[in-house]
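Here are some short exercises to work through with the structure open beside you. Try each task yourself before you read its solution.

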Amino acid sequence: MAEHEHSCGYEHEHPHGADGDAGCHCSGSGSELVRFSVTAPDDLLRRFDEQIARRGDVANRSEAVRDLIRASIAKEQMRTPDEHVIGSLTMIYDHHTGDLTRRLDEVQHDYTNEIVSTMHVHLDHHNCLEILALKGRSERVYELADRLLGLRGVKHGELTCAATKQSLGL
């Protein structure tokens, strides 16, 4: 342990990490906070500040960064195979591509326990939008998404898992 002044402005002992402040635990509240620094280009930081101001539900940069960290941890947790997740899969595809419609149906019939609901929208003569509401074991939900999004003719797709059963208290 070394005692020295660092970016928090206080002199005290703390474990000294490679970044100089890795072990600084400076806090005025009941929770222990760790101060660290982030280097970012001016324009990126300006855009981040604008986003924070637009949202209006975040007090400051620190809280916004904490929100991002929590979201990243939750997203990673959702990839745990036995975690139960809730989310949606959005796909845009050309239904005239080969036998894509039949293949989409075949895959979906293999995952009836994970598919809660579907919505199908005809965008134009060729393109369709399909949204699947999903729930179940993460391993199965991500497997379903990979199988559907990997089909030839699917132009765009995105799986968004917004919550876990645990995070919702279910």
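**Exercise 1. Find how many residues the hairpin uses to join β4 to β5, and describe how β5 pairs with other strands.**

Solution. Keep in mind that this is a predicted model.

Step 1: The hairpin between β4 and β5 runs through four residues.

Step 2: Strand β4 covers residues 115-122, and β4 and β5 pair in the antiparallel sense over seven bridges. To see one place along this pairing, look for Ser-117, which stands opposite Ala-133 in β5.

Step 3: Now turn to strand β3 (residues 84-94), which also pairs with β5 (residues 127-137) in the antiparallel sense, over eleven bridges. Here, Leu-89 stands opposite Leu-132 in β5.

**Exercise 2. Decide whether helices α1 and α2 are roughly parallel, antiparallel or perpendicular to each other.**

Solution.

Step 1: Locate α1 at residues 42-55 and α2 at residues 61-78; their axes are 11 Å apart, and the packing angle is about 90 degrees.

Step 2: Angles of 65 to 115 degrees count as roughly perpendicular, so α1 and α2 are roughly perpendicular to each other.

Step 3: Next, find the contact. On the α1 side it is made by Leu-45, Phe-48, Asp-49, Ile-52 and Arg-55, and on the α2 side by Arg-61, Ala-64, Val-65, Asp-67 and Leu-68. Sorted by class, the residues of this contact are six nonpolar, no polar and four charged.

**Exercise 3. Do the same for helices α3 and α4: which way do they run relative to each other?**

Solution.

Step 1: The axes of α3 (residues 100-109) and α4 (residues 138-149) come within 10 Å and cross at roughly 170 degrees.

Step 2: Angles over 145 degrees count as roughly antiparallel, and α3 and α4 are therefore roughly antiparallel to each other.

Step 3: Leu-104, Val-107 and Gln-108 of α3 make the contact with Leu-144, Arg-147 and Leu-148 of α4. This contact has four nonpolar, one polar and one charged residues.

Step 4: Look at α3 by itself. Its buried residues are Leu-100, Arg-103, Leu-104, Val-107 and Gln-108. Seen down the axis of α3, they fall within an arc of 135 degrees, so they line one face of the helix.

**Exercise 4. Work out whether Leu-151 is buried or exposed, and which residues Leu-151 touches.**

Solution.

Step 1: Find Leu-151 in the loop between α4 and β6 (154-164).

Step 2: Buried means under 20% relative accessible area. Leu-151 has 15% relative accessibility, so Leu-151 counts as buried.

Step 3: Leaving aside residues up to four places away in sequence, Leu-151 touches Leu-100, Arg-103, Leu-104 and Val-107.

Step 4: Finally, compare sequence with space: Leu-151 and Tyr-93 are 58 residues apart in sequence, with 9.5 Å between their C-alpha atoms.

Definitions and conventions
Residues numbered from 1 in each chain as written. Predicted model: local features only at pLDDT ≥ 70, side-chain atom pairs only at ≥ 80, totals over all residues. Heavy atoms only, no water. Axes fitted to C-alpha atoms, helices over the stretch in contact; angles between N-to-C directions. Helix = DSSP H or I, 4+ residues; strand = E, 2+ residues; numbered from the N terminus. Parallel < 35°, antiparallel > 145°, perpendicular 65-115°, else oblique. Contact = heavy atoms within 4.5 Å. Nonpolar A, V, L, I, M, F, W, Y, C, P; charged D, E, K, R; others polar. Buried < 20%, exposed > 50% of the residue type's maximum accessible area, 1.4 Å probe, protein only. Arc of directions from axis to C-beta. Pairing = 2+ DSSP bridges.
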